[in-house]
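These are my notes on a structure I was asked to look through. I took the chains, their interface, the salt bridges and the cysteines in turn.

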Amino acid sequence: MSPVFLQAKSLTWSVGNARIVERLDLSIERGELVGVIGPNGAGKTTLLRLLAGLLVPTEGEVLLEGRHINGMESRSRARRISFMTQDLSQVFPFTVMEILLMGRYPHLGRFQKEGAEDLARARRMLSYVGLSAIEERGFSALSSGERQLVLFAKALVQDTDALLLDEPSSNLDIHHQDRIFSMAQELAREGRAVVTSVHNLSVAAQYCSRLVLLEKGRIAADGRPEQVLQSEILDGVYGIRTMVSPSLATGSLTVTVVPRDRGAAGIRVHLIGGAGSAVNLTRELYRMGCVLTGGIAHEYDSDEKLWKSLGVRCAAVGAFSRITEEQIRESTPFVEQADMTILCSFPVGSGNLGNLRLASLARRLVVLRPGPEEMPRTFLSQEGKELFEQACAGAQLLDHDAILSDLEQARDKAAAP
Amino acid sequence: MYPFRRRIARSQVDTIRGVPHHDAAVNKRHLLAFTLLPLLLAAAVLVAVGVGAVPVSPTALVRLLLPKLGIGSLPVPAERDVTILLLLRFPRVVAAMLVGSSLAVCGVVMQGLFRNPMASPEILGLSAGGSLGAVVAITTGIAAGSLFAVPILTIAGAMLSAVCISLLSSSRGTTSLLYIVIAGMALSSLFSGLTSALLLFSREYQVSQFVFWTMGGLDGRSWQHILYSAPVLVPGMVALSLFARELNLFTLGEEQAMSLGMHVETIKRVLLAIAAVVTGVAIAVCGPIGFVGLLIPHLFRFLVGPDHRVLLPASALGGALFLVLCDLLGRALLPPLEIRVGIITAILGSPYLLSLIIRIQRRNAVRTG
């Protein structure tokens with residue numbers, strides 16, 4: 001069996017007493033595009049430097065096809081592994097071409113001049129990253145995004161089996177970001193191993209074949225994007241609330257940060273909605289940190305979709321079907337336990353009459369304006385209108401802002417000792 | 001091997017059609033550095049040996065040297081002119097060339113190594129160390145006894161600085177460049193303080209002798225000076241030039257240089273050590289001459305580009321040319337009074353340094369604004 005292409009064994013790197021990378025094991029094969037993710041200071045850059053052989057590990061080792069990377073002659077190592085830094089500074093007026101040709105250093109003899117082949121390769125790589133017409137421009141006169149692309153091209157000019165990229169797209173617009181990661185995918189498909197640190201988790205999910213999540217120098221998760229990008233894992237590592245959902249257009253995972261819980265936990269609110277009437281309130285109350293429940297919704301309704309994506313517990317029936325007595329019974333605990341049940345302003349047809357019955361069972365019902373006397377609400381039947389009036393009988397009638405301030409007061413009261 | 005062949009082919013057409021071409025630019029720089037500069041330098045040497053209290057024909061040196069190389073038989077110059085040329089002016093011009101080249105090359109190396117266009121041999125504290133050595137030689141009276149006392153102690157002082165710096169900065173295993181700069185500044189202050197302290201306890205004529213030395217001058221430089229300095233300076237400069245490509249990589253940052261397979265630590269120490277010796281010897285020949293190591297690299301980076309494979313030889317020639325011209329100016333400006341070459345370089349160099357700072361500030365303002 002051939003040895004692992006690039007392997008870290010019990011890798012540790014410490015400065016003083018601080019362990020930046022701690023007892024880390026990792027195996028990377030050719031053909032993989034590995035995204036290293038994690039919060040600032042998790043050790044992403046240090047891990048890449050260790051894998052590139054630029055740092056000597058405090059403990060443990062890095063092996064390239066079974067050979068110790070720190071024991072390799074540095075030029076032959078540089079013919080196998082390239083490393084792209086985040087450092088884009090250059091104080092001297094080198095041209096783009098001169099910078100690119102520096103990438104040939106490990107391939108040239110001590111006093112060998114770059115030949116036509118080296119020049120041709122540099123030109124090819126420059127046009128590959130989409131910057132063919134700038135070879136005689138000054139490197140330091142370029143925008144930081146262009147400089148990043150040139151340094152990426154330089155790594156390609158170096159022509160190595162393993163490419164280690166440290167935040168290659170931090171200064172790029174989405175077009176060039178797509179370009180650099182698509183090229184990284186192509187390089188991996190050619191049988192090279194590409195390891196890149198990425199801050200943007202959605203970008204990492206879209207392009208990488210594998211993600212390694214670092215937390216304080218250790219691997220918190222390692223696997224396919226959908227295995228690593230899970231709210232339960234991310235929330236602990238990043239210390240925030242995240243929401244992971246597949247993009248409607250591409251199906252790749254999108255990680256969104258949910259604003260911080262503002263301490264209204266414990267206030268329970270049940271929303272009775274439909275036809276998108278509960279969307280705004282759902283978002284506001286979720287942000288406020290209320291414990292939300294919802295229903296009874298119809299499947300694929302926009303209220304129901306939002307509730308599901310936020311993880312709000314809700315009752316739902318099939319699209320366009322009628323809410324049955326049994327479903328009302330099942331949902332009754334929601335409205336009985338809720339500190340507030342809000343009846344949103346949805347059109348009432350035959351299918352959702354049950355929601356008005358449910359509303360009348362609530363412990364405390366608030367009807368979102370408009371109320372019974374103000375009649376832009378639509379009712380398809382007289383029965384609906386009557387039921388609505390019954391439900392409103394003992395209820396408060398509040399508009400959107402009044403509901404929010406009512407809940408904020410309740411929150412402040414709960415927070416006071 | 002890489003996809004998108006078609007796009008590549010199209011772009012190669014682009015580079016031929018009107019877009020500036022790498023090879024053309026390189027050729028232009030080579031022409032300037034390796035043809036124009038040597039010619040200018042030769043012309044400057046001929047003029048420099050002719051100018052002085054007794055004017056000598058510019059062709060006299062050619063007439064004197066060519067037959068010695070076995071070429072042609074030109075009319076030999078007068079006996080008096082031969083003496084003036086061979087014993088006074090030519091060694092002085094050769095000393096100017098040697099020192100100018102050495103300081104310029106060391107300046108290029110320092111700036112590349114530190115990735116800092118403001119770096120120069122002074123940064124390492126080499127000049128301050130050399131001055132301390134010189135003042136020791138002068139105040140102890142050794143200088144009166146031997147011609148070699150000042151040079152040897154100057155070299156010793158510069159080497160002391162270099163050793164101190166490498167000991168200070170490599171205590172942690174890696175030599176951080178910023179750390180070296182700070183160590184150099186601290187050493188400079190220390191040595192300047194010691195120099196002042198020594199002068200405090202010395203006699204008035206010794207003080208004036210030292211002050212005269214610090215102005216930097218080429219008067220009275222003989223073949224003896226060249227004999228002890230050239231065997232160090234020339235191989236030193238050649239050795240530094242062998243690391244031209246490594247200096248290019250240094251400007252990318254040490255991390256990138258290392259990832260390209262360069263032995264960053266070793267090369268850094270070798271370059272620092274050679275630069276220390278070369279600077280020390282150059283200062284020993286004619287006192288601390290400022291601004292050559294700062295001004296020349298800048299000027300030639302502007303003219304021939306930053307690639308050290310061209311920049312190093314170009315700066316060596318340019319530094320020689322610059323110092324020959326400065327010395328010439330000093331002799332020709334107010335005859336029979338000679339203005340010492342260190343004063344000339346300082347007067348020319350300071351405004352240039354100021355304009356450089358202003359230009360850099362402007363560029364930064366554009367960038368951030």
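**Entry 1: chain B.** I count a residue as buried when its relative accessible area is under 20%. The model is a predicted one. By that cut-off, 51% of the 369 residues of chain B are buried. I then looked up the secondary structure of chain B and found 16 helices and zero strands. I also looked at contacts in chain B between residues at least 6 apart in sequence, and 76% of these join residues at least 24 apart.

**Entry 2: the interface of chain A and chain B.** I looked up the area buried between chain A and chain B, which is about 4400 Å², with carbon and sulfur atoms giving 55% of it. Phe92(A), Tyr105(A) and Glu136(A) supply 16% of the area that chain A buries against chain B, more than any other three residues. The contact draws 53 residues from chain A and 44 residues from chain B.

I next asked how many salt bridges lie between chain A and chain B. The count is three. I noted the salt bridge of Arg49(A) with Glu255(B), whose closest N and O atoms are 2.1 Å apart. For polar contact across the interface of chain A and chain B, I found 15 residue pairs, both residues at pLDDT 80 or more. Among the elements of chain A that give two or more residues to the side touching chain B are helix H3 (96-102), helix H4 (116-128) and helix H6 (174-189). H4(A) gives the most to that side, with seven residues. By class, the side of chain A that touches chain B has 23 nonpolar, twelve polar and 18 charged residues.

**Entry 3: salt bridges.** Over all chains I found 28 salt bridges. In one of them, the side chains of Glu325(A) and Arg357(A) meet at 3.5 Å, N to O. Glu325(A) lies in helix H12 (residues 325-337) of chain A and Arg357(A) in helix H13 (residues 353-360) of chain A, so the pair ties together parts that are 32 residues apart in sequence. Glu325(A) is partly exposed at 48% relative accessibility, and Arg357(A) is partly exposed at 31%.

In chain B, I looked up the salt bridge of Lys268(B) with Glu265(B), where the closest N and O atoms are 3.2 Å apart. Both residues lie in helix H13 (residues 264-286) of chain B, three residues apart, about one turn of the helix. Is Lys268(B) buried or exposed? Lys268(B) is buried, with a relative accessible area of 0%, whereas Glu265(B) is partly exposed at 21%. I also noted in chain A a network of salt bridges that links Arg19(A), Glu22(A), Glu59(A) and Arg218(A).

**Entry 4: Gln148(A).** I located Gln148(A) in helix H5 (residues 144-158) of chain A. Gln148(A) is buried, with a relative accessible area of 1%. The side chain of Gln148(A) reaches the backbone nitrogen of Asn171(A) at 2.9 Å. Not counting residues up to four places away in sequence, Gln148(A) touches residues including Met84(A), Leu88(A) and Leu172(A).

**Entry 5: cysteines.** I searched the whole structure for disulfides and found zero over all chains. The sulfur of Cys314(A) is too far for a bond, because the closest cysteine sulfur, in Cys344(A), is 13 Å away. Cys314(A) is partly exposed, with a relative accessible area of 23%. Cys208(A) is buried, at 5%.

How values were computed:
Residues are numbered from 1 along each chain as its sequence is written. Chains are lettered from A and ligands numbered from 1 in the order in which they are written. This is a predicted model: local features need pLDDT of at least 70, side-chain atom pairs count only at pLDDT 80 or more; totals for chains, interfaces and linings use all residues. Side-chain values use heavy atoms; hydrogens and water are left out. Helices (H or I, at least four residues) and strands (E, at least two) are DSSP runs, numbered from the N terminus. Buried means under 20% relative accessible area, exposed over 50%, partly exposed in between (1.4 Å probe, protein chains only). A polar contact is a pair of N or O atoms within 3.5 Å; within protein, one must be able to donate a hydrogen and the other to accept it, and residues adjacent in sequence count only if both atoms are side-chain atoms. Contact means heavy atoms within 4.5 Å. A disulfide is a pair of cysteine sulfur atoms within 2.5 Å. Buried area is the accessible area (1.4 Å probe) that two parts lose on being put together, summed over both. A salt bridge is a side-chain nitrogen of Lys or Arg within 4 Å of a carboxyl oxygen of Asp or Glu. Ala, Val, Leu, Ile, Met, Phe, Trp, Tyr, Cys and Pro count as nonpolar, Asp, Glu, Lys and Arg as charged, and the others, Gly among them, as polar.
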